[in-house]
Amino acid sequence: MADDRRRFLTRSAAVAAAALLSGCSGLSEKKWVSDALSEVENLTRRAQRLFAGRQALAPEFTKADIAPVFRANGTLDPASDDYRAHAAKDFRDWRVEVGGLVERPLSLSMEALRAMPSRTQITRHDCVEGWSCIGEWKGTPLRLVLAEARPRNDARYVAFFCADNMAEEGVPAQYYYESLDLVEATHPQTLLAYELNGQALPIEHGAPVRLRAERQLGYKMAKYIQRIEIVADLGSFGGGRGGYWEDQGYSWYAGI
Ligand SMILES: Nc1nc2c(c(=O)[nH]1)N[C@H]1C(S)=C(S)[C@@H](COP(=O)(O)O)O[C@H]1N2
Ligand SMILES: [Mo]
């Protein structure tokens, strides 16, 4: 590796950190910037897996630590007629489709999700915009859903497709989406969460069901999940970088 390139990579760790703090807006238009960032990203991922262990738990807190008001961010109320109609019926007919590289595709009602074993955890949410909030989440461990769907041998990632359109009016719809690798997806604290602080998940926090991946930054935690797809690579859907914000230049691996 050329010297200036190495220097750039050292510096780009700081650039990446600064960019991450600057909030949910575009960060790298230039290909060489995102290539360098993804080298840093790979180092971060390897370092975290090495030191933290693949199944290490994110810290959990006590009821006394719960924030009086959990801040909401990004989409707060999806505007589509379809979502509105589901909300009007308290999401009784909402379904989470699970498909892609699985032996057994699923179509899960909220009732079915709630009937599965659940996990409750009090964790801290860290948004790249520079705020954190502690809240209590209850939901179905994603690995139980995956176990029912039986991923095939070529499965590598789990992608989450959401009900909120991020595009301005008059341009083609661009729905929020995210993805995790199988290590993160099968982590014991990775949940399809349907409750926050003992209440049904409010609309602003992703009703009726959203992802919690407690070792990752906030933007990974897709709200308003309608479809889960098991895939072999990230290039074949959305903008090709594995997530809505990743397509704008954020790092795909958002470990904290
Ligand atoms: N579908 C969807 N999921 C989303 C977002 C969004 O805009 N749409 N924003 C992300 C970001 S940047 C953060 S910090 C968290 C915010 O979750 P909260 O509103 O429950 O605090 O949701 C993430 N998941
Ligand atoms: Mo965020």
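T140 is a residue of strand 4, and in this predicted model its relative accessibility is 0%, so T140 counts as buried, the limit for that class being under 20%. The side chain of T140 reaches the backbone oxygen of L113 at a distance of 3.0 Å. When neighbours within four places in sequence are left aside, T140 is in contact with L113, M116, P117, V145, T190, L191, L192 and Y194. L113 therefore appears both as the residue whose backbone oxygen is reached by the T140 side chain and as a member of the contact list, where a contact means heavy atoms within 4.5 Å.

From T140 the reader can pass to the pairing of the strand that holds it. Strand 4, which spans residues 131-141, runs antiparallel to strand 7 and is joined to it by five bridges; in this pairing W137 stands opposite L196 of strand 7. Strand 7 itself covers residues 191-196, and six of its six residues are buried, so that the strand is mostly covered, with under 20% relative accessible area as the criterion for each residue.

Strand 7 has further partners. With strand 9, made up of residues 210-212, strand 7 pairs in the antiparallel sense over three bridges, and here L192, which is also among the contacts of T140, stands opposite L211. Strand 8, residues 199-200, likewise runs antiparallel to strand 7 and is joined to it by two bridges, with E195 placed opposite A200. Strand 7 and strand 8 form a hairpin with two residues between the strands, and in that hairpin N197 takes a positive phi near 50°.

A further part of the fold is an open sheet of five strands, arranged in the order 2-1-10-5-6 with mixed pairing. Its edges are strand 2 (106-109) and strand 6 (175-181), each of which pairs on one side only. On average, and with direction ignored, neighbouring strands of this sheet are turned by 20° against each other. Within the sheet, strand 1 (residues 95-100) and strand 10 (residues 225-231) pair in the parallel sense over four bridges, and E97 stands opposite R227 of strand 10. Helix 5, residues 142-149, packs on this sheet and touches strand 1, strand 2, strand 5 (157-165) and strand 10, while its direction makes about 140° with that of strand 2.

The next subject is the ligand. Of the 23 residues around ligand 1, those that come nearest are R71, N73, D164, H205 and K223. A polar backbone atom of N73 lies 2.8 Å from an oxygen atom of ligand 1, and a polar backbone atom of T75 lies 2.9 Å from an oxygen atom of the ligand. D164 takes part through its side chain, an N or O atom of which is 2.7 Å from a nitrogen atom of ligand 1. Taken alone, ligand 1 exposes 530 Å², and the protein buries 99% of that area.

Some totals place these details in the setting of the chain as a whole. The protein chain contains seven helices and ten strands, and buried residues make up 48% of its 256 residues. Among the contacts in the chain with a separation of 6 or more, 71% are accounted for by residues 24 or more positions apart. The accessible surface of the protein chain comes to about 12600 Å², and 52% of this surface belongs to carbon and sulfur atoms.

Definitions and conventions:
Residues numbered from 1 in each chain as written. Chains lettered and ligands numbered in written order. Predicted model: local features only at pLDDT ≥ 70, side-chain atom pairs only at ≥ 80, totals over all residues. Heavy atoms only, no water. Pairing = 2+ DSSP bridges. Axes fitted to C-alpha atoms, helices over the stretch in contact; angles between N-to-C directions. Near = heavy atom within 4 Å. Polar contact = N/O pair within 3.5 Å; in protein donor to acceptor, adjacent residues only side chain to side chain. Areas by Shrake-Rupley, 256 points an atom, 1.4 Å probe, with all protein chains shown as cover. Buried < 20%, exposed > 50% of the residue type's maximum accessible area, 1.4 Å probe, protein only.
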